[in-house]
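Open the model in your viewer and keep the sequence panel beside it. The tour goes from one selection to the next and says what is found at each.

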Amino acid sequence: MLAAALATAVRVEVPPSGTGCAECDQDGGWWVHLRRCATCGHVGCCDTSPAQHATAHYDETGHRLMRSFEPGEEWYWDFETEQVLEGPHLAAPLSRPPEQGSPGPADRVPPDWTSLIHR
């Protein structure tokens, strides 16, 4: 569970920035999985994704808590302690649309995508 000091970093009323990675959508990129900033709602791609925008968002803002933005996943990640945490539900939607698939979006994922990801 989130410690009281970290709970102030979670703003449950803030909606996500969109249904996909904000930067990848802007640049025509693609992602493997999505992560949502628990402070400002920014949706970025995971570290397996080529562009790693969720980590870049943390590096730029210091917003240390993010939540999975994948259907059925409710865990948080603390970038500072590198721990998985439990926390409150955030403003809807809680995940990308299930039909979007992973990796996604389907129309932008290259055929050789498995050779382009970070493992």
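Start by selecting Cys37. This is a predicted model, and in it Cys37 has a relative accessible area of 5%, so the residue counts as buried, the cut-off being under 20%. Now add Cys40: its sulfur is the nearest cysteine sulfur to that of Cys37, at 3.7 Å. Why is Cys37 in no disulfide? A disulfide needs two cysteine sulfur atoms within 2.5 Å, and the sulfur of Cys40 is 3.7 Å away, so Cys37 is left without one.

Next, select Cys21 and Cys24. For the whole model the count of disulfides is 0. Cys21 is in none, and the sulfur of Cys24, the nearest one from a cysteine, lies 3.6 Å from its own. Cys21 is also buried, with a relative accessible area of 0%.

Move on to the aromatic rings. How many aromatic pairs does a search of the whole structure find? There are 2. For the pair of Trp30 and Trp113, show both side chains: the ring centres are 6.4 Å apart and the planes stand at 80°, which makes the pair edge-to-face. Trp30 sits in the loop between helix H2 (22–27) and strand S1 (34–37), while Trp113 is in the segment after strand S5 (83–85). The two are 83 residues apart, so this pair links distant parts of the chain. Colour by accessibility here: Trp30 is buried at 10% relative accessible area, whereas Trp113, at 26%, is partly exposed.

The other pair to select is Tyr58 with Phe79. Their ring centres lie 4.7 Å apart with the planes at 5°, so the pair is stacked. Tyr58 belongs to helix H3 (residues 53–61), and Phe79 to the loop between strand S4 (76–78) and S5. These residues are 21 apart in the chain, and the pair again links distant parts. Are Tyr58 and Phe79 buried or exposed? Both are buried.

Keep Phe79 selected and turn to the largest pocket, since Phe79 is one of the residues that line the largest pocket. The volume of this pocket is about 180 Å³. To display the lining, add Arg35, Cys46, Asp47, Thr48, Ala54, Thr55, Met66, Trp75 and Trp77 to Phe79. Coloured by class, the lining shows 6 nonpolar, 2 polar and 2 charged residues.

Key
Residues numbered from 1 in each chain as written. Predicted model: local features only at pLDDT ≥ 70, side-chain atom pairs only at ≥ 80, totals over all residues. Heavy atoms only, no water. Phe/Tyr/Trp six-rings, centres within 6.5 Å; stacked < 30°, edge-to-face > 60°. Helix = DSSP H or I, 4+ residues; strand = E, 2+ residues; numbered from the N terminus. Buried < 20%, exposed > 50% of the residue type's maximum accessible area, 1.4 Å probe, protein only. 1 Å grid on protein atoms, 1.4 Å probe; cavity = no way out; pocket = protein on both sides within 12 Å on 5 of 7 lines; lining within 4 Å. Points joined across faces, edges and corners; volume = space filled by probe spheres on them. Nonpolar A, V, L, I, M, F, W, Y, C, P; charged D, E, K, R; others polar.
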